[in-house]
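Here are a few exercises to work through with the model open beside you. Try each task before you read the solution under it.

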Amino acid sequence: MYSISTLGSHCALQVLKGAKDEGFKTMLICEERRINLYKRFRFIDRLIMVKDYKYEHVCSEPVINELKDNNCILVPHGTFIASMSVEQIERIDIPFFGNRYILRWEADRTLKERLMVDAGIRVPRTLTLDDLDNGKGKVLAIAKLHGAAGGKGYFLASGKEQFMQQYNRLLSKGIVNSMDDLYLQEYVIGVPVYLQYFYSPLSKQVELLGIDRRYESDVDAISRIPAIHQAYARLEDITYTVIGNSPLVLRESLLDEAYKMGERFVDSVKRLVKYDMIGPFCIEGVYDRDGNFIAFEFSARIVAGTNLYINGSPYSYLLYDEPMSTGRRIAREIKLAIESNELDKVLT
Ligand code: ADP
């Protein structure tokens with residue numbers, strides 16, 4: 001008998017609900033301050049309390065022993081990445097559903113871009129300072145802080161002069177020390193779309209299980225006030241903090257390329273990364289006015305936007321005649337792998 005476990009945050013409810021629906025025992029590693037939330041849900045069989053999600057607490061001897069005694073499979077999500085280093089995640093002595101070695105590629109901007117370019121996915125142009133005022137005029141750029149999570153500290157600048165103003169502001173606050181701390185990218189005007197995929201190493205098929213867009217504060221908040229007030233708002237430090245996700249369906253004519261992009265991504269992982277893609281991943285970008293997709297990110301594990309579809313999405317319903325969340329799809333893949341004696345294909 002196997003059990004499925006994860007950290008109490010991000011998409012834990014979806015993952016454990018899906019695990020229970022597929023007949024697994026469910027165990028949640030949960031920090032003290034969140035116990036009250038998670039004990040409301042009957043599909044969680046066991047709450048293992050930890051002080052917080054730092055490696056030393058999640059991987060303390062009693063926790064690891066309990067997980068091992070229960071034949072536990074861990075499902076990684078964004079909170080693992082936010083609270084532990086890639087090296088620590090790679091060291092966790094419990095089987096992971098998914099390719100834990102690709103998380104290193106997700107965390108490193110250069111590796112990340114290499115994988116997307118290899119997959120033939122368009123990415124925004126990387127810019128130098130001189131590119132900001134080219135012969136044709138000012139170029140709108142987004143400046144990203146290395147290692148920033150959730151777009152924290154990102155800023156926009158049209159042309160060099162605006163960029164230098166913002167840069168000097170960050171310098172004086174000690175947020176950056178030199179130009180090397182920033183990464184300049186062409187700002188792509190388009191609508192943000194998050195494509196939620198699942199790759200099954202058993203069937204060797206890519207499934208598109210859902211699509212969402214993020215609802216981010218402040219960027220989605222400023223369009224609610226007229227431009228005259230925007231000019232007076234404190235916008236020099238605009239944030240992209242994710243507050244929630246909204247559902248989205250694509251024009252059907254864009255779906256074929258969306259599927260192909262997911263398939264090329266899986267092929268590139270096969271070529272470049274230790275172990276193949278396993279399970280959920282997400283390609284994140286914008287569609288421009290010509291319907292071209294330009295990606296600025298991927299997540300090589302389940303994303304929180306899948307929480308929209310605990311009861312299935314329009315796209316999962318086209319593939320399954322039953323409610324199929326990404327969390328449940330993970331548990332289904334584990335179940336099928338156990339039945340066919342192929343667990344090694346889905347665990348790392
Ligand atoms: P994080 O992974 O830390 O959340 P992202 O790189 O995904 O950061 O960027 C955060 C937000 O910034 C995105 O959701 C998107 O709205 C916006 N963004 C990032 N890069 C670009 C770009 N090149 N063009 C347009 N918008 C972008």
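Buried here means under 20% relative accessible area, exposed means over 50%, and partly exposed is in between. Keep in mind that this is a predicted model.

**Exercise 1. Work out which residues of helix H9 (residues 159–172) are buried, and how they are arranged around the axis.**

Step 1: start with the burial list. Gly159, Phe163, Gln166, Tyr167, Arg169 and Leu170 are the buried residues of H9.

Step 2: look down the axis. The buried residues of H9 fall within an arc of 155 degrees, so they line one face of the helix. This fits a general rule: an α-helix has 3.6 residues a turn, so residues three or four places apart point the same way.

Step 3: turn to the face away from the buried side. That face of H9 carries the exposed residues Glu161, Gln165 and Ser172.

Step 4: ask what covers the buried side. The cover includes strands E5 (133–134), E6 (137–138), E7 (140–145), E8 (155–158) and E9 (182–186).

Step 5: check the length. With 14 residues at 1.5 Å a residue, H9 should span 20 Å, and its end C-alpha atoms are 21 Å apart, which agrees.

Step 6: see what follows. After H9 comes glycine 174, with a positive phi near 75 degrees.

**Exercise 2. Do the same for helix H4 (residues 61–69): which residues are buried, and what do they pack against?**

Step 1: pick out the buried positions. In H4 these are Val63, Ile64 and Leu67.

Step 2: check the arc. Down the axis of H4, the buried residues sit within 95 degrees, so they line one face of the helix.

Step 3: flip to the other side of H4, where Glu61, Pro62 and Asp69 are exposed.

Step 4: list the packing partners. The buried residues of H4 pack against strands E1 (3–7), E2 (25–31), E3 (46–50) and E4 (72–74), along with helix H3 (55–58).

**Exercise 3. Inspect the backbone: where do asparagine 71 and lysine 204 lie, and which peptide bond is cis?**

Step 1: take asparagine 71. Its phi is near 50 degrees, a positive value in a residue other than glycine. Asparagine 71 is in the loop between H4 and E4, and at 39% relative accessibility it counts as partly exposed.

Step 2: take lysine 204. Here phi is near 60 degrees, again positive in a residue other than glycine. Lysine 204 is in the loop between strand E10 (191–200) and E11, and is exposed, with a relative accessible area of 54%.

Step 3: look at omega. The peptide bond from serine 217 to aspartate 218 is cis, with omega near 15 degrees, and aspartate 218 lies in strand E11 (residues 205–218).

**Exercise 4. Find the salt-bridge partner of arginine 328, and say whether the two residues are buried or exposed.**

Step 1: start with the total, which is 28 salt bridges in the structure.

Step 2: find the partner. Arginine 328 bridges to glutamate 22, with the closest N and O atoms 2.6 Å apart.

Step 3: place the ends. Arginine 328 is in helix H14 (residues 326–339) and glutamate 22 is in the loop between helix H1 (12–21) and E2, so to speak a link across distant parts of the chain, 306 residues apart.Step 4: check burial. Arginine 328 is buried at 14% relative accessible area, and glutamate 22 is buried at 5%.

Step 5: widen the view. Glu22, Glu322, Arg328, Arg332 and Lys335 are linked in a network of salt bridges.

Step 6: try another pair, lysine 138 and aspartate 133, whose closest N and O atoms are 3.4 Å apart. Lysine 138 counts as exposed at 58% relative accessibility, whereas aspartate 133 counts as partly exposed at 32%.

**Exercise 5. Go through the aromatic pairs: what is the geometry of tyrosine 101 with tyrosine 275, and of phenylalanine 265 with phenylalanine 281?**

Step 1: a search of the whole structure finds eleven aromatic pairs. One of them joins tyrosine 101 and tyrosine 275, which are stacked at 5.4 Å centre to centre with 15 degrees between the planes.

Step 2: locate the two tyrosines. Tyrosine 101 is in the loop between helix H6 (86–91) and helix H7 (103–107), and tyrosine 275 is in the loop between helix H12 (255–272) and strand E13 (279–287), so the pair ties together parts 174 residues apart in sequence.

Step 3: move to the phenylalanines. Phenylalanine 265 and phenylalanine 281 are stacked too, at 4.9 Å centre to centre and 15 degrees between the planes. Phenylalanine 265 is in helix H12 and phenylalanine 281 in strand E13, and both are buried.

Step 4: add the charge over a ring. Lysine 274 lies over the face of tyrosine 101, 4.3 Å from the ring centre.

Technical notes
Residues numbered from 1 in each chain as written. Predicted model: local features only at pLDDT ≥ 70, side-chain atom pairs only at ≥ 80, totals over all residues. Heavy atoms only, no water. Buried < 20%, exposed > 50% of the residue type's maximum accessible area, 1.4 Å probe, protein only. Helix = DSSP H or I, 4+ residues; strand = E, 2+ residues; numbered from the N terminus. Arc of directions from axis to C-beta. Contact = heavy atoms within 4.5 Å. Expected span 1.5 Å × (residues − 1). Salt bridge = Lys/Arg side-chain N within 4 Å of Asp/Glu carboxyl O. Phe/Tyr/Trp six-rings, centres within 6.5 Å; stacked < 30°, edge-to-face > 60°. Lys NZ or Arg CZ within 6 Å of the ring centre and 35° of its normal.
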